Amino acid sequence: MVTGSLVRRVATTPWNARLRELASQSLFSESLTLYRSMLRSGSSPDAFSYPFTLKSCAALSLPVSGQQLHCHVIRYGCVAEPFVLTALISMYCKCGLVEDARKVFDENTQSHHLSVCYNALISGYTANAKAADAACLFRTMKERGVSVDSVTMLGLVPVCTVPDYVWFGMNLHGQCVRGGMDSELAVVNSFVTMYMRCGSVESGRRLFDQVPVKGLITWNAVISGCAQNGLAYDVLELYEEMKSSGVRPDPVTLVSVLSCCAHLGAQKVGQEVEKVVEANGFASNVFVSNALISMYARCGDLAKARGVFDVMPVRSLVSWTAMIGCYGMHGMAETGIKLFDDMVKCGIRPDGTVFVMVLSTCSHSGLTGKGLELFDAMKREYKLEPGPEHYACVVDLLGRAGRIDEAMVFIESMPIEPDGAVWGALLGACKIHKNVDMAEVAFAKVIEFEPMNIGYYVLMSNIYTDSKNQEGIWRIRVMMRERGFKKEPGYSYVEHKGRVHLFLAGDRSHEQTEEVYRMLDELETSVMEMAGNTECDRCGEVSSSTREHSERLAVAFAILNTSPGTEILVIKNLRVCEDCHVFIKMVSKIVDRRFVVRDASRFHYFEDGLCSCKDYW
């Protein structure tokens, strides 16, 4: 005789098989629809039905449906099954109801002895940014003697990807080594990522080097980590090693490599990456396309950047923002603003980030009225609440236009407390317009908010230098010495025949040093001989150290190694100084070259004695 429970199990099995199939194919809505059909047919669900239906609720973020299923779990007596408990905990966590997940865990004492339940809740805490709760639960797990496995570690390590928790991550790493889990590639990859994100690059590289057979995820962990830590040269070297090892890159790899090409101005490498993108069908990946746009724009090829943007099948808000920012960086404010209008016409609602871009674009191009109009539209038309970054843009907008008193009144009228960026924008405007009194007010405020930002001390020192205030210069130097600051050295580089040539201020280490300095002397003599030019007179007043600024050396090297009519891209890590700006303008009138200089602020196009910025930068 067949019992009733066995009959129900036999009747339920085909339903469960189909539920499993739908969930595995990510057909989650269909899975829940099938579950309802099963109930209507008179078949009773069992413990094997719920992991798939609960997974579907989690994937679709349907907490109410998940709670209803929880009631069914209790009604049909399945709540004690370990895999049902785990599915319930995961569902609540993925729906953002972490407290409910904890109740499920606490109310079923069986879960207190099951690794899978701890793992599900730890992962849930991590995913919901509850690092302290995840660490506390892990300690409880250890105290109760519940076995820790690689899944536990994979759930915990993401907690440690912020510097405050790196000590905990190192402790976990030690436990993995002692427990023999360090041989599992997924665990090693997670620790490489952790060290990199915490800035412990040496530890991450050391662990990476110990992996005998490196897969794509391992390479991505170290390449992305180096990119995030600004180690652009390392990224390009690792990318070449990866290709040599036979591992094919994916979009994650290529985004990191392209971002480093953008940073270095390595357009030739970026073009090779674009060929890989096209050959592997990654062109439809919006993240890759955005990275290509940024790479070409930061390498000075705005037309190519726009070409990538125009052929994108789907443009996200990030894509529009990137392209608008490119025009701003290149001093083409009107085109950037038109693109912003086109974006709105396409039905894409602007956010705070894109407004930062257009306001900054207006600021660097002297479109003060248009910038103020956009700031007003941001609040009035789009109901967006301005943040400190938007107020800083308006202060910069007014300040660059010489309306420094208005900028100060604007700061005083702000509905939120002005932060370091706001006061920093005012300080920058004071440097442009040589307003020492207001600069001292802005400097006193900005170092309250950002006392360890060396850039503001250097800026104030330069303001005192321009006004020949020796006492002020020494006061700033004493402050910097007391804080242990060292001024970042200026450097510039140019790419020639696939190789990046780097120059520091006063650099004499380059293999063509003698020729470079000889060319620089010739250029300066020619500039000085240009009669009747007041700017040229200024070139004669600069100090010998200014004559050896890195951008001048890079320009001299580029002229030596290129033919007439060539466009030369020079990238500098700091803002180009006023004297060198004048010098390159004059050189562009003497030699048949077009110079594109990308400094920390923007692009400058020098041609026939003129600059695209019109001296407004």
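Strands E1 and E2 pair in the antiparallel sense, with 6 bridges between them. This is a good place to start a walk through the model, which is a predicted one.

**The sheet**

Along the E1 and E2 pairing, Tyr491 sits opposite Leu504 in E2. The two strands form a hairpin with 2 residues between them, and there Lys497 takes a positive phi near 55°. Widen the view and you find an open sheet of 6 strands in the order E2-E1-E3-E4-E5-E6, with mixed pairing. Strand E2 (499–504) and strand E6 (610–611) stand at the edges with a single partner strand each, so one side of each has no neighbour in the sheet. As general background, the strands of a sheet pair through backbone hydrogen bonds, in either a parallel or an antiparallel way.

Here are three of the pairings, each with one pair of facing residues.

| Strand pair | Sense and bridges | Facing residues |
|---|---|---|
| E1 and E2 | antiparallel, 6 bridges | Tyr491 and Leu504 |
| E1 and E3 | antiparallel, 2 bridges | Tyr493 and Ile571 |
| E5 and E6 | antiparallel, 2 bridges | Glu607 and Leu610 |

For your own tour of the sheet, Ile571 in E3 is the bridge partner of Tyr493. At the E6 edge, strand E5 covers residues 603–607, and Glu607 stands opposite Leu610 in E6.

**The second largest pocket**

Which helices and strands each supply at least two residues of the lining of the second largest pocket? They are helix H16 (267–279), strand E1 (491–496), helix H32 (550–560) and strand E3 (567–572). E1 and E3, then, appear both in this lining and as an antiparallel pair joined by 2 bridges.

The pocket holds about 430 Å³ of space. Its lining comprises 24 residues, and those nearest the centre are Lys268, Glu495, Glu567, Ile568 and Leu569. Sorted by class, the lining has 11 nonpolar, 8 polar and 5 charged residues.

**A pair of helices**

Finally, have a look at helix H15 (residues 251–264) and helix H17 (residues 286–298). Two packed helices are described by the angle between their axes and the distance between the axes. For H15 and H17, the axes come within 8 Å and cross at roughly 15°. Angles under 35 degrees count as roughly parallel, so H15 is roughly parallel to H17. The crossing of H15 past H17 is left-handed.

Note on methods:
Residues numbered from 1 in each chain as written. Predicted model: local features only at pLDDT ≥ 70, side-chain atom pairs only at ≥ 80, totals over all residues. Heavy atoms only, no water. 1 Å grid on protein atoms, 1.4 Å probe; cavity = no way out; pocket = protein on both sides within 12 Å on 5 of 7 lines; lining within 4 Å. Points joined across faces, edges and corners; volume = space filled by probe spheres on them. Helix = DSSP H or I, 4+ residues; strand = E, 2+ residues; numbered from the N terminus. Nonpolar A, V, L, I, M, F, W, Y, C, P; charged D, E, K, R; others polar. Pairing = 2+ DSSP bridges. Axes fitted to C-alpha atoms, helices over the stretch in contact; angles between N-to-C directions. Parallel < 35°, antiparallel > 145°, perpendicular 65-115°, else oblique. Left-handed = near helix turned anticlockwise from the far one by under 90°.
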